[in-house]
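Thank you all for coming; I would like to walk you slowly through one structure, and I will try to say at each step what a statement rests on. Please look at the sequence and the structure together for a moment before I begin.

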Amino acid sequence: MALPAAPAGRHAVVAGGFGRLVAQTPDWSAPAPVDGWTARDVVGHLVGWFPGFLADGGVDLPAGPSVDDDPLAAWQHHTDSVQGLLEQRGDESFTHPRAGTHRLADAVDQFYTADVFMHSWDLARAGDQEAGLDEDFAAQLLEGMRPIEQLLRDSGQYGPAVPVPDDAPVVDRLMGFVGRDPAWNPRDGDTP
């Protein structure tokens with residue numbers, strides 16, 4: 001099943017999938033594929049960085065429960081707030097000092113929903129779950145990032161690419177591109 005093309009619909013599906021992973025994560029201290037991160041840190045990253053991004057463009061999200069106290073409640077509050085923003089204000093213009101001017105819904109889709117999608121893989125691996133990521137969206141993200149690879153690497157937000165065979169599943173190729181080892185699992189205790 002392909003993801004919805006509209007930003008609000010796509011966010012609802014991607015964030016809902018991440019929420020399923022949050023609800024089923026058995027151990028919040030389990031290592032995640034991002035070096036030095038735990039499962040809790042994956043949720044904390046998404047709940048933590050995006051309100052600041054929006055605030056830099058003059059949009060405030062209401063604060064919610066702490067990820068340290070209750071990752072599931074924190075995620076649910078956060079994702080409900082983002083969904084409400086998309087549905088109520090998505091057509092507004094949004095200007096970010098570094099990311100430029102976009103329709104608010106497009107900024108959320110491009111900078112945030114894509115991040116939730118990719119970090120779903122991290123949380124799934126930390127919790128030994130199936131990520132269930134949409135292959136068409138993974139291919140779209142990979143295709144969109146390849147031309148700006150150096151910019152992404154220079155930003156410090158992506159580690160060195162992990163070599164993945166050209167005929168590997170597209171989700172594995174995407175994860176390799178953003179610096180994850182598709183073969184990583186928490187039982188190995190290794191982080192790339």
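Let me begin with a definition, since I will use the word often: a residue is called buried when its relative accessible area is under 20%, and exposed when that area is over 50%. Please also keep in mind that what you see is a predicted model.

Take S81 as a case to try this on, a residue that lies in helix α3, which runs over residues 71-89. Is S81 buried or exposed? Its relative accessible area is 15%, and because buried means under 20%, S81 counts as buried. If we set aside residues up to four places away in sequence, S81 touches L61 and P62.

The helix α3 also offers a case of the opposite kind, since Q88 has its place there too, and Q88, at 68% relative accessibility, counts as exposed. The C-alpha atom of Q88 is separated by 37 Å from that of P182, and these two residues are 94 positions apart along the chain.

From single residues I turn to the interior. The largest nonpolar core holds 53 residues, and within that core W75, F117 and L174 are the ones with the most contacts. At least two residues of this core come from each of the helices α1 (7-23), α2 (39-56), α3, α4 (104-126), α5 (135-145) and α7 (170-177). Which of these helices gives the most to the core? That is α4, with 13 residues, and I will therefore use α4 as our guide through the helix pairs that follow.

The pair I take up to begin with is α1 and α4, whose axes are 9 Å apart and which pack at an angle of about 25°. Since angles under 35 degrees count as roughly parallel, α1 and α4 are roughly parallel to each other. The crossing in which α1 passes α4 is left-handed. On the α1 side, the residues that meet α4 are P7, R10, H11, V14, A15, F18, L21 and V22, and they face A105, D106, D109, Y112, T113, V116, F117, H119, S120, L123 and A124 in α4. Sorted by class, this contact of α1 with α4 has twelve nonpolar, four polar and three charged residues.

Next comes α3 with α4, where the axes are 10 Å apart and the angle is about 155°. Because angles over 145 degrees count as roughly antiparallel, that is how α3 and α4 are placed with respect to each other. Here, too, the crossing is left-handed, with α3 passing α4. From α3 the residues W75, H78, V82, L85, L86 and R89 meet L104, A105, V108, Y112 and V116 of α4, and the residues of this contact divide into nine nonpolar, one polar and one charged.

The remaining pair on my list is α4 and α7, with axes that come within 11 Å and cross at roughly 100°. Because angles from 65 to 115 degrees count as roughly perpendicular, α4 is described as roughly perpendicular to α7. The contact is made by F117, M118 and W121 on the α4 side and by V171, L174 and M175 on the α7 side, and by class it has six nonpolar, no polar and no charged residues.

Let me stay with α7 a little longer, as this helix is mostly covered, with six of its eight residues buried. Those buried residues are V170, V171, L174, M175, G176 and F177, and what covers them includes α4, α5 and α6, the last of these at 149-154. For L174 in particular, leaving aside neighbours within four places in sequence, the contacts are F117, M118, A138, L141, L142 and M145. After α7 comes G179, whose phi is positive, near 100°.

I will finish with two loop residues. D128 is found in the loop between α4 and α5, and D128 has a positive phi of about 55° although it is not a glycine; with a relative accessible area of 52%, D128 is exposed. R98 is found in the loop between the strands β1 (93-96) and β2 (100-103), and at 67% relative accessibility R98 also counts as exposed. From R98 to F18 the C-alpha distance is 27 Å, across 80 residues of sequence.

Notes
Residues numbered from 1 in each chain as written. Predicted model: local features only at pLDDT ≥ 70, side-chain atom pairs only at ≥ 80, totals over all residues. Heavy atoms only, no water. Helix = DSSP H or I, 4+ residues; strand = E, 2+ residues; numbered from the N terminus. Buried < 20%, exposed > 50% of the residue type's maximum accessible area, 1.4 Å probe, protein only. Contact = heavy atoms within 4.5 Å. Core = buried A, V, L, I, M, F, W, Y, C linked by side-chain atoms within 4.5 Å. Axes fitted to C-alpha atoms, helices over the stretch in contact; angles between N-to-C directions. Nonpolar A, V, L, I, M, F, W, Y, C, P; charged D, E, K, R; others polar. Left-handed = near helix turned anticlockwise from the far one by under 90°.
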